[in-house]
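Take the sequence and the 3D structure side by side. We will walk from the overall make-up to single residues.

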Amino acid sequence: MRRATEVSGGRVGIVKHLPSNVRGARRQRFHQEALYMHRMNGTPGILPVWDIDDVHGSEPRWYAMPRAEALEKAFGDTSTVLDVVTAVATVAQTLAALAANSTYHRDIKPANIFWYDRAPVLADFGIAAFARSPAGLTRVGDKVGPANFIAPEMRSTDSRDRGERADVYSLAKTLFVLAHPNRGPYPPDGTHRVDAEEFGLWTLGGTNAALALGHVLEAATQFQVRDRLTMADFYAELRAWLDRHASDAARFTPLKGRRIGRGWGPDLLERHRRDTEATRAMMLPCIRRIAGALTGDTSAWSEGIDPDSGDGTLGDYGWTPNSEDGFIPDGGTLWMATALHQGRRIVLEAVLDQDVCFLAEAQRGGPPWTLDQQWGHTPWQRPRMPRTLDQLQHLTDEIVTRLTHPVPGARAATDPEPTAAPA
């Protein structure tokens, strides 16, 4: 690339050109990148193109762009992780839009994200996989992506993966590096893990916020592609995190002077243990609120299902049977119930089946219990995510509102006969 000045307008920009000694697939990739960048000119989140070689038709030898500042240099001495997450969320939104059109950048790293016109933008689509192109023009055996930022599935020398979720992995790693500018140019290798010191965000301020963000990064850097967040989900989780913590800006410390080390990801059993613990922690304040609304005593609740006492989920939630006994969640359930009050109790339950959802029921009599009313279940979400907590809190708000402001003469939608379906 060379600095150049426009003859007619005097604008100073950068020209990316094709060296004369480049042949074969690398040459084709340059043509493809130049044409794509020109076609996408004006698209939010992508560095604009001022001009392109129009002499050589479908094989342009150069294209010109404005000068832009590296994103990492755009953060000042007072910038915090909030500023980093805001910028990365914008990039995630751009990448999610590209992914919806089957285009994947595949070279996400700090050096390829710029600050232009007061917003973060992407450039350098040299190894991208474009829509309607089976795997871009990257040859089998080519290196796809930058060291330490590269997703596991893109490291194999014979990988033909288009990179459907590789950008998510790389962008999460980029977020981590941008949040620790003095740590070094590379993130720790492997799946992010919130309880490992080398992946720590604690020094950035806001303990609860750091933990929640760590869980998002862990979900975005899972080793197995199928377990990893999509880019659209990564963007949504970052937005939910920002919505929750943006008002606490004063609690976050500036980015400078943070250093940490290296690490690897958790195995499946350990992940389930932590999913369960985090889900239980989410449920505790909610069941206390519900108990307070029903009985006037926030401590009037118990935990743990007792089938001998007739405990069970009574409503029909439409889950697809996965055994002879119906739907049996792989991760089990977490069961909490208020004390009986005026012949009624409220059950709050989490169903863990890799993802998690929440449901609540008002039950009367018992045992045997009868279904009085049901709420939920919420949509399935990954455990430990900000949006998952949002859903649980919205469910709790609905229950508490109904308990404190009952609708006169209202009857449960599930009357008259409940369907017994122990979870």
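The paragraphs below go from the whole chain to its cores, its helices and a few unusual backbone spots.

This is a predicted model. The protein has eight helices and 13 strands. Of its 423 residues, 51% are buried. The exposed surface comes to about 20200 Å². Carbon and sulfur atoms supply 50% of that area. Now look at how the chain meets itself. Counting contacts between residues at least 6 apart in sequence, 65% join residues at least 24 apart.

Next, the interior. In soluble globular proteins, nonpolar side chains tend to be buried together. Here the largest nonpolar core holds 62 residues. Which of them touch the most other members? They are F125, L171, F234, L238 and W241. Several elements give two or more residues to this core, including α1 (24-39), β4 (62-66), α4 (166-179) and α6 (231-245). Helix α3 (81-100) is also on that list. α3 gives the most, with twelve residues. Another core, of 24 residues, lies apart from the largest one. Among its members are C286, L352, L389 and L395.

Zoom in on W241. Leave aside its neighbours within four places in sequence. W241 is then in contact with V81, L82, V85, A209, A212, L213, F252 and P386. F252 turns up again around T80. T80 sits in the loop between α2 (71-74) and α3. Its relative accessibility is 9%, so T80 counts as buried. Beyond its neighbours within four places in sequence, T80 is in contact with F252, T253, P254 and L255.

Three of the W241 contacts, A209, A212 and L213, are also among the buried residues of α5. This helix is mostly covered, with eleven of its 14 residues buried. Its buried residues pack against α3, α4, α6, α7 and α8 (386-404). The distance from the first C-alpha of α5 to its last is 20 Å, close to the 20 Å expected at 1.5 Å a residue. Is N208, in the same helix, buried or exposed? At 58% relative accessibility, N208 counts as exposed. Its C-alpha is separated by 9.4 Å from that of H245, 37 residues away along the chain.

Now follow helix α7. It has 28 residues, 268-295. At 1.5 Å a residue these should span 40 Å, and the end C-alpha atoms are 40 Å apart, so the two values agree. Yet α7 bends by about 25 degrees at M283. A proline, P285, follows within four residues. After the helix comes G296, with a positive phi near 85 degrees.

The end of α7 has a partner in a loop. H341 lies between β10 (333-338) and β11 (344-353). Not counting residues up to four places away in sequence, H341 touches L294 and T295. The C-alpha atoms of H341 and T295 are separated by 6.1 Å, though these residues are 46 apart along the chain. With 25% relative accessibility, H341 counts as partly exposed.

Aromatic rings deserve a look too. The protein has ten aromatic pairs. One of them joins W319 and F327, with 5.1 Å centre to centre. The planes are 35 degrees apart, and the pair is tilted. Are these two residues buried or exposed? W319 has 18% relative accessibility, so it counts as buried. F327 has 14%, so it counts as buried. Both belong to one aromatic cluster with Y317 and W380.

Finish with the backbone. Most residues other than glycine have a negative phi, and most peptide bonds are trans. Where does this chain depart from that pattern? R106 is not a glycine, yet its phi is positive, about 70 degrees. R106 lies in the loop between α3 and β6 (113-116). At 5% relative accessibility, R106 counts as buried. Q342 also has a positive phi, near 55 degrees. Q342 is in the loop between β10 and β11. In contrast to R106, Q342 counts as exposed, at 70% relative accessibility. A cis peptide bond joins G376 and H377, with omega about 0 degrees. H377 lies in the loop between β13 (369-376) and α8.

Key. Residues numbered from 1 in each chain as written. Predicted model: local features only at pLDDT ≥ 70, side-chain atom pairs only at ≥ 80, totals over all residues. Heavy atoms only, no water. Buried < 20%, exposed > 50% of the residue type's maximum accessible area, 1.4 Å probe, protein only. Contact = heavy atoms within 4.5 Å. Areas by Shrake-Rupley, 256 points an atom, 1.4 Å probe, with all protein chains shown as cover. Expected span 1.5 Å × (residues − 1). Bend = angle between axes of the 7 residues up to and from the residue. Core = buried A, V, L, I, M, F, W, Y, C linked by side-chain atoms within 4.5 Å. Phe/Tyr/Trp six-rings, centres within 6.5 Å; stacked < 30°, edge-to-face > 60°.
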